[in-house]
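Here is a short dialogue about reading contacts, helix packing and backbone angles. Have the model open while you follow along.

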Amino acid sequence: MSGSTLALTVLAGLSEASVLFLVASGLSLVFGALRVINMAHGSLYMVAAFITTAIVQFLAQPAIGFLLALVIAPAVVALIGALIEVLVLRRLYGREHLLQLLATFALTLVFAGGVRIIFGSYNRSIRPPELLSGGVSLGSFIFPTYKFFLMFAALVVAAALYVLLYRTTLGRNIRAAVADPELLNASGVNVARLFTTVFMIGAGLAALGGVLVSPDQAVTGGMDTDVLVAAFAISVIGGLGSLMGSFVGALIVGLATSFGILFPQTSRWSLAFIFVLMAVVLMLRPWGLFGRPEAT
Amino acid sequence: MPALTRLRTPEGMRWVAAGLLVVVAFTLPPLAGLLETILPDTISANFTLILGTSALVLALWSVSYNLMLGYTGMVSFAHAAYYGIGAYTVALLYQDLHWSVLPGLVLSPLVAGLVGLVTGFISLRAVRLYFSLLTLAISQVCFVIAFEWYSFTGGDNGIHGISPPDFLLNPTVQYYFVGAVVSVCLLTMFLLVRSPFGAALLAIRENRLRAAAVGLNVKRYELAVFTVSAAFAGVAGALFAIYDLQAFPQLMYWTESAHPVVMTLLGGSGTFLGPALGAAVYTGLQNSIGRTFPAQFDIVLGAIVLGVVLVAPGGLGSALDGIRRLAARRSGSRGPAKQDSEGDALVRIDVSKILAIRPAKSQAERSSGGTLLRVEGLSKRFGGLKAVDGVSLDVLEGRRHAVIGPNGAGKSTLFNLLTGQIRPDAGKVVFGGVDITGRRPHQLSRFGIGRAFQITNIFPKLTVLQNLQYSMLAHRGDTVRPFGIADRRYRDEAMQLLEAVGLGPAFALQAGLLSHGDQRALELAISLALGTRLLLLDEPTAGMSPYETKRAMELVNGVVAQQGLTLLFCEHDMDIVFGIADVVTVMHQGRVLAEGTPEAIRSNPEVQRIYLGDVELDAPQTEAGARA
Amino acid sequence: MHRRRRLAPVLEVSNLQVRYGKSHVVFDLGLKVGAGEVLALLGRNGAGKTTTIMGIVGLIGGTTGRVVIDGVEVGRWPAFRRAQAGIAYVPSGARCFAPLTVAENLQIAARATRNGGAPGWTVERVYEVFPKLQELRANLAGGLSGGERQMLAVGRGLMLNPKVILLDEPTEGLAPVIVQGLAGLIRTLKEKGVGILLAEQNHQMALKVADRAAFIEKGRIAAELPAAEARTSDVLHRILGV
């Protein structure tokens with residue numbers, strides 16, 4: 001295998017991992033603090049992607065449109081997230097997981113229908129802004145600049161999340177909520193409002209993923225379930241509730257997929273790898289690489 | 001009760017609804033024809049029949065799913081995979097071996113069941129949420145295999161152009177054929193859930209711990225129901241291939257598994273045909289709104305599911321029940337039975353009745369004095385902490401043996417070790433001469449060890465009578481039988497026991513609605529029914545009012561003593577300890593500090609010290625006076 | 001009738017009923033704690049001490065009854081609002097936020113005092129009382145010893161600038177020297193006018209610092225005595241002994 005093929009495969013895996021990290025970290029954060037699996041997480045990602053393509057296509061100005069979308073989409077989706085938490089999830093805390101799964105799944109249906117009505121059912125695609133388009137040559141291949149941007153963005157967000165969790169008051173409260181929400185309540189922190197905030201952050205992360213992925217891949221009506229199942233796999237492998245887990249999990253999944261595609265014997269089954277790995281982790285070490293055993 | 005009044009009860013209404021559903025299903029072809037003549041522009045008979053066929057298949061699929069969800073409490077995302085496997089079995093046999101679809105139909109449950117057995121075994125390595133996620137992973141693997149293995153499965157194109165045998169070309173005949181197959185499958189499943197096997201499933205759903213404690217190997221039953229459920233899903237998939245004439249990978253995508261869940265939710269998971277009703281409703285909705293406005297249909301469906309989950313998780317069935325109860329309350333009429341029992345059971349206990357069922361053992365039989373339970377050097381550590389450190393004690397047959405000790409003494413850990421909940425690091429436990437060290441809970445009940453848990457542990461949604469009957473079924477090994485009607489077995493014996501512990505009037509009440517004291521009485525009845533020789537009670541009077549406590553003491557003294565039951569219990573309430581116990585073992589920091597008669601323990605200065613600390617023991621004489 | 005502020009209760013509880021699901025654990029319980037007063041709540045395990053305290057603090061749904069903090073009725077308030085109103089709960093087992101540092105554990109409960117003028121508790125002042133915590137301030141709470149965690153838990157309670165502080169078995173598993181330190185702290189708080197409800201199995205220490213003692217048995221207050229009397233009464237033996 002030539003050096004440039006290797007480089008290409010690694011870079012492809014890393015850029016794939018970038019968007020997945022954004023989505024998975026949101027899912028994981030929400031589970032860690034609220035102990036809820038949000039089936040509609042992928043839908044929020046999809047809604048943001050459609051909003052982005054709509055804005056960019058409407059303005060016919062990729063650069064400005066993209067910037068606008070980067071601000072508007074996460075804000076809108078975070079607001080939707082707040083509504084979901086207050087109106088739906090609050091009634092379901094502490095009840096069986098099945099009810100939470102069903103309720104959030106119902107939301108998936110609502111969003112899927114809503115997106116089809118508002119945006120139509122055809123696929124959309126947009127091109128990246130001028131500044132980020134084009135490519136970098138690596139030996140005999142050209143690697144898109146935008147994919148480098150994705151990796152950069154993921155690193156920035158990972159750093160920002162770290163700072164949020166470990167250097168801010170809000171982050172401290174979130175970590176405390178993950179450890180002992182009852183004690184947090186007794187310490188004078190409004191845990192209910194904190195939960196809403198955390199959900200909004202999770203939704204915002206999914207939305208960010210949706211915005212950033214739009215210039216890279218076609219925006220379709222099935223992207224909600226595809227990304228959700230990948231996010232599940234990452235969270236399981238890395239550990240539900242762990243930021244580091246989402247990071248490492250995304251790396252594993254992204255690289256496994258791209259290396260799987262590389263070899264002709266395995267390329268067809270690369271999709272299945274992740275799920276087999278997920279199954280193995282669930283059987284042997286269900287809390288994942290970085291999760292904590294008591295966390296369910 | 002006169003027949004018509006019987007129909008008005010919730011149970012009766014369900015039979016009526018089921019009957020209606022069946023009648024409509026039977027008469028759909030003529031009905032459709034009739035409707036077409038009345039409204040030729042809107043209704044096409046053929047199309048209605050095709051819808052009906054589709055609804056029948058979905059009904060089978062959902063009811064099979066409900067075996068896991070409603071009856072055993074398992075949430076699986078893999079159900080679409082078995083549906084798809086059934087469809088592919090028919091399609092591949094047709095395409096590659098040129099077999100007609102009928103042998104494919106017959107083979108489909110076998111293939112799907114086999115895959116279900118293997119994948120179920122894998123999935124059950126994990127519990128609860130992780131189990132569900134594992135089924136999701138498995139479903140996706142199946143999907144990818146179907147999607148990618150172009151040479152075998154036709155890849156993302158799937159397999160089309162299956163041609164059915166000639167007699168199935170007529171929509172009416174096809175409808176009745178599918179209906180016949182579905183009916184046979186539904187009937188089989190119905191008999192299964194009514195059988196003792198089904199009773200075991202319900203017990204597991206209600207309370208896994210208690211189910212194990214009465215003798216059920218829970219994992220084995222879960223695997224069995226998983227396999228059976230998968231097999232019937234396979235039949236449904238095969239029928240799909242037969243009427244839709246194709247099979248494709250999308251059938252196995254994990255989100256497709258949501259369909260049976262939604263249909264079950266719409267119709268209610270608490271009844272056998274509920275999911276079938278949900279399937280009919282869903283098909284109707286999908287083909288009216290869903291046809292013209294697919295996007296709106298999704299939204300409406302989502303809104304309905306959301307509404308049901310938030311307001312009435314029991315499905316439409318329970319929503320109707322709720323409305324009826326509300327109406328009854330408004331109009332002032334009393335419901336069929338009082339909602340909560342009033343703790344009367346302990347009041348009504350008639351020890352003589354218990355003795356009639358289980359005659360008092362003679363003095364010789366009672367305290368044979370033999371050692372029933374011998375514990376030798378039992379130890380368990382958690383991390384750095386030795387919770388139980390070399391504990392040895394002997395419990396003699398017929399004795400009432402109390403274990404006391406301050407907080408952290410290790411009493412609960414000791415109990416967990418004795419009942420197989422956790423395994424010891426060292427030591428031996430010998431019961432009736434048999435080494436039972438490290439045995440699992442469901443095995444212990446066969447030996448005659450019964451446990452009442454600290455938090456009352458019964459099957460909440462089963463009736464009081466069912467609690468007792470199903471425990472007996474499980475304990476006597478009847479639950480492996482998938483035929484016979486569970487609710488008829490041991491009925492008389494169970495009723496006698498219930499009368500004896502004072503729960504006779506409450507036999508039809510859901511056990512979860514009993515008061516705390518009544519639930520304890522039920523637990524006692526279960527122990528008596530299982531022929532328990534040694535009863536382990538972990539803080540039995542916690543949470544009882546003083547009156548209930550007093551009555552519970554009388555019950556225990558009366559029944560246990562006369563029966564020759566051996567009692568090992570731990571308590572904080574000293575009145576209970578000294579009122580009941582023959583022998584008291586004192587634990588402190590994981591070890592046995594002292595053992596003896598209650599009087600000896602009370603006057604043991606070391607024991608006083610661990611409870612009272614190093615305080616001047618002033619006025620101990622008045623203590624005796626205060627007790628009098 | 002003159003109001004003597006010093007004697008007005010900072011905590012007044014009446015008709016408290018606490019249920020866990022089907023179990024009725026606390027029956028019609030009432031107690032009062034005055035400013036600068038220590039009320040010891042004594043009883044055996046399973047008697048309902050922890051349940052009573054958690055019910056007062058608002059952590060058990062389905063609790064009914066009157067809870068008044070310094071004249072304000074808080075019985076219907078969520079737990080965090082009660083904490084803000086001046087009731088600090090220090091749970092048993094030295095419960096802390098294990099993944100957070102010592103400093104973060106303290107800061108999380110920081111609340112500005114409302115007694116205009118009177119300086120309240122700050123992290124620095126907590127370090128003055130517990131110098132060991134200052135040394136450990138960057139360590140994760142989960143890695144501390146039992147005694148250190150207990151100090152941290154009490155310190156966190158103080159950071160709420162409470163009017164009344166509820167301590168649930170603070171001396172459990174602690175070395176005598178630390179227990180003494182705790183007793184000293186309690187006396188200091190008394191002087192500052194903070195009310196203290198001290199639930200304990202270890203009645204020796206409790207009765208040394210308490211003004212009054214309430215004996216709880218099977219979810220009810222069986223007797224209430226001045227501490228001096230309680231030490232030698234037979235009530236003590238009957239309720240706590242064997």
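What follows is a conversation between a learner and a teacher.

Q: What kind of model is this, and how are residues and chains labelled?
A: This is a predicted model, where local features need pLDDT of at least 70 and side-chain atom pairs count only at pLDDT 80 or more, while totals for chains, interfaces and linings use all residues. Residues are numbered from 1 along each chain as its sequence is written, and chains are lettered from A and ligands numbered from 1 in the order in which they are written.

Q: How do I read an interface, say how many residues of chain A are in contact with chain B?
A: Start with the cut-off: two residues are in contact if their C-beta atoms, placed from the backbone, lie within 7 Å. Here, 33 residues of chain A are in contact with 34 residues of chain B.

Q: Which elements of chain A supply at least two residues of that side?
A: Helices and strands here are DSSP runs (H or I for helices, at least four residues; E for strands, at least two), numbered from the N terminus. On the side of chain A that touches chain B, α4 (97-119), α9 (223-238) and α12 (270-284) each supply at least two residues. The largest share, 15 residues, comes from α4(A).

Q: And how do those residues divide into nonpolar, polar and charged?
A: The classes go like this: Ala, Val, Leu, Ile, Met, Phe, Trp, Tyr, Cys and Pro are nonpolar, Asp, Glu, Lys and Arg are charged, and the others, Gly among them, are polar. The side of chain A that touches chain B has 25 nonpolar, five polar and three charged residues.

Q: What does the contact between chain A and chain C take from each chain?
A: That contact takes 15 residues from chain A and 19 residues from chain C. On the chain A side, α6 (169-179) and α7 (181-186) are the elements that give two or more residues, and the largest share, five residues, comes from α6(A). By class, this side of chain A has six nonpolar, five polar and four charged residues.

Q: How are two packed helices described?
A: Two packed helices are described by the angle between their axes and the distance between the axes. The axes are lines fitted to C-alpha atoms, for helices over the stretch in contact, and angles run from 0 to 180 degrees between N-to-C directions. Take α2 (residues 41-59) of chain A and α4(A): they pack at about 10°, with axes 10 Å apart. That makes α2(A) roughly parallel to α4(A) (under 35 degrees is roughly parallel, over 145 roughly antiparallel, 65 to 115 roughly perpendicular, and the rest oblique).

Q: Which residues meet there?
A: From α2(A) you'll find A:Ser43, A:Met46, A:Val47, A:Phe50 and A:Ala54, and they meet A:Leu107, A:Thr108, A:Phe111, A:Ala112, A:Val115 and A:Phe119 in α4(A). By class, that contact has nine nonpolar, two polar and no charged residues.

Q: At what angle do α14 and α15 of chain B pack?
A: Helix α14 (residues 274-292) and helix α15 (residues 294-311) of chain B pack at about 135°, with their axes 7 Å apart. That makes α14(B) oblique to α15(B). B:Leu285, B:Gln286, B:Ile289 and B:Gly290 in α14(B) meet B:Pro294, B:Gln296, B:Phe297, B:Val300 and B:Leu301 in α15(B). Those residues divide into six nonpolar, three polar and no charged.

Q: Is B:Val300 buried, exposed or partly exposed, and which count tells you?
A: A residue is buried if 20 or more other C-beta atoms, placed from the backbone, lie within 10 Å of its own, exposed if 12 or fewer, and partly exposed in between. B:Val300 has 17 other C-beta atoms within 10 Å, so this residue is partly exposed.

Q: What about α4 of chain B: how many of its residues are buried?
A: In α4(B), 25 of the 28 residues are buried, so this helix is largely enclosed by the rest of the structure. There is also a kink of about 40° centred on B:Asn66 (the bend is the angle between axes fitted to the seven residues ending at a residue and the seven starting there). Just after α4(B), B:Gly73 takes a positive phi of about 80°.

Q: Where else should I look for a positive phi?
A: C:Asp28 has one of about 50° although it is not a glycine, and C:Glu169 has one of about 45°, again without being a glycine. C:Asp28 is in strand β2 (residues 23-34) of chain C and is exposed, with 12 other C-beta atoms within 10 Å. C:Glu169 is in the loop between β7 (164-168) and α7 (176-191) of chain C, and counts as buried, with 25 C-beta neighbours inside 10 Å.
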